[in-house]
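Please open the structure in your viewer and keep the selection panel at hand. The tour below goes from one selection to the next and says what is found at each stop.

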Amino acid sequence: MGPQTRLIRSGMRQPDDRNRPVNPPVERGTTLLMPRAAEMREETNGPVYGLSGLATHDALRTALAEMEGAHFMALAPSGLAAVTLAVLAVVEAGDEVLAVDCLYGPTRRFLTRFLGRMGVGVRWFGPRATPEQAFAEAGERVRLLLLESPGSHTFELQDVAAFSAAAKARSVMTLVDNSWAAGLLFRPLEHRADLSVQALTKYPGGASDVFMGSVAVADPALAARLQEAVDDLGVYVSPDDAYLILRGLRTLPMRLKAHGESARAVARFLESRPEVSRVLYPPLPSSPDHALWRRDFSGGSGLLGAVLRPASDKAVHALLDALELFGLGFSWGGFESLATFETSQLAQRRTPHGIEGPLIRLHVGLEDTPDLIADLAQALDRYPAG
Ligand SMILES: *Cc1c(COP(=O)(O)O)cnc(C)c1O
């Protein structure tokens with residue numbers, strides 16, 4: 001069966017359930033009642049407390065595991081919490097994390113601030129480094145390689161298979177933040193990454209109204225370690241939210257296809273404009289990552305960057321303020337188009353970012369593409385062409 005069929009079928013009701021709704025119920029509960037005292041044992045009788053999740057959580061985990069080709073899934077209350085959970089499941093005091101220098105800002109902050117206090121160090125390598133160059137930066141105690149492909153803000157791809165192989169050869173675990181691809185357009189575990197994390201808040205939710213994240217693993221020993229971290233930290237998500245994410249997953253493939261097709265048209269339009277110096281979107285043939293994208297990804301999502309010709313911040317603000325269909329707001333993955341000014345985020349980089357002008361980010365939503373292009377055209381008309 002194709003990936004879309006599998007996603008539609010997974011975590012659904014059983015064929016012998018009669019006269020029941022299509023979707024699993026929202027099952028709420030803290031206390032689980034057991035018939036006899038002798039059965040109050042998790043080792044022999046499965047979950048004895050609601051904190052480990054009930055039917056709605058199970059259905060969502062099953063569907064996500066199917067999508068990512070995973071043996072085990074953990075759910076976390078946000079995408080950021082999924083990243084921090086995955087990292088905390090792996091590292092110990094005295095370890096080092098080797099991190100690509102295009103990580104999502106709050107992940108970067110967690111590594112430097114919180115993990116620093118826990119006695120875990122971080123080293124950074126440039127998003128265009130080869131695995132050999134990256135590991136040349138690594139210390140003796142590196143335990144975890146942290147990738148994000150494409151990277152936040154600048155959209156560089158990393159060759160996950162090559163990085164994972166180099167990491168394995170050094171007994172280092174590889175974690176990929178796979179939010180851009182929504183767990184569907186790219187499958188890190190197939191490329192031998194150990195952990196694939198995504199912000200379900202984005203495309204799986206799809207409606208800008210739920211926070212959640214997931215961690216996927218293929219190896220049973222690592223799954224046990226991740227479950228320990230979930231138990232030790234008391235990580236839990238609401239079943240109502242799990243229900244909404246599961247509902248979103250059923251339409252994820254077609255929504256992503258529409259976001260991707262529209263984003264490609266918007267990207268080509270931006271490339272044609274004199275105000276735009278460069279468009280950062282791996283599905284574009286002009287992208288330096290296009291060959292890798294073709295090899296590894298089954299499509300593009302709706303998130304892209306544009307480097308503008310040099311001008312004042314005021315000119316960039318005027319451009320963004322002139323947009324009528326693109327809202328000004330953080331996050332992405334919902335049905336609506338969004339725009340942000342990204343340049344200030346680049347200040348955190350430790351390696352040269354190579355961005356030659358003001359950087360904006362667009363999330364291309366599900367509106368009609370010609371309307372979005374017309375909106376961008378009228379806003380760009382007010383920007384100096386350089
Ligand atoms: C948004 C995002 C996250 C965090 O997701 P939240 O649910 O907002 O915490 C993590 N990684 C990437 C790449 C993201 O874009």
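Where does the ligand sit? In this predicted model, the ligand is found in the largest pocket, and that is the place to begin.

Select the ligand together with the shell of residues around it, which numbers 13 residues, the closest being G79, L80, D177, T201 and K202. If you colour this shell by residue class, it divides into 5 nonpolar, 5 polar and 3 charged residues.

Next, display three of the closest residues one after another. At L80, look to the backbone, where an N or O atom lies 2.8 Å from an oxygen atom of the ligand. At D177, turn to the side chain, a polar atom of which is placed 2.6 Å from a nitrogen atom of the ligand. At T201, a polar side-chain atom lies 2.5 Å from an oxygen atom of the ligand. With these contacts on screen, switch to a surface view: the ligand taken alone exposes 380 Å², and the protein buries 91% of that.

Now leave the ligand and select the strands of a sheet. Here 5 strands form an open sheet of mixed pairing, and their order is β8-β9-β12-β11-β10. Its edge strands are β8, residues 276-280, and β10, residues 327-328, each of which pairs on one side only.

As a last selection, show β8 with its partner β9, residues 303-308: the two strands pair in the antiparallel sense over 4 bridges. Which residue in β9 does V276 stand opposite? Centring the view on V276 brings up L308 as the residue opposite.

Definitions and conventions: Residues numbered from 1 in each chain as written. Predicted model: local features only at pLDDT ≥ 70, side-chain atom pairs only at ≥ 80, totals over all residues. Heavy atoms only, no water. Near = heavy atom within 4 Å. Polar contact = N/O pair within 3.5 Å; in protein donor to acceptor, adjacent residues only side chain to side chain. Areas by Shrake-Rupley, 256 points an atom, 1.4 Å probe, with all protein chains shown as cover. 1 Å grid on protein atoms, 1.4 Å probe; cavity = no way out; pocket = protein on both sides within 12 Å on 5 of 7 lines; lining within 4 Å. Sits in = over half its atoms within 2 Å of the grid points. Nonpolar A, V, L, I, M, F, W, Y, C, P; charged D, E, K, R; others polar. Pairing = 2+ DSSP bridges.
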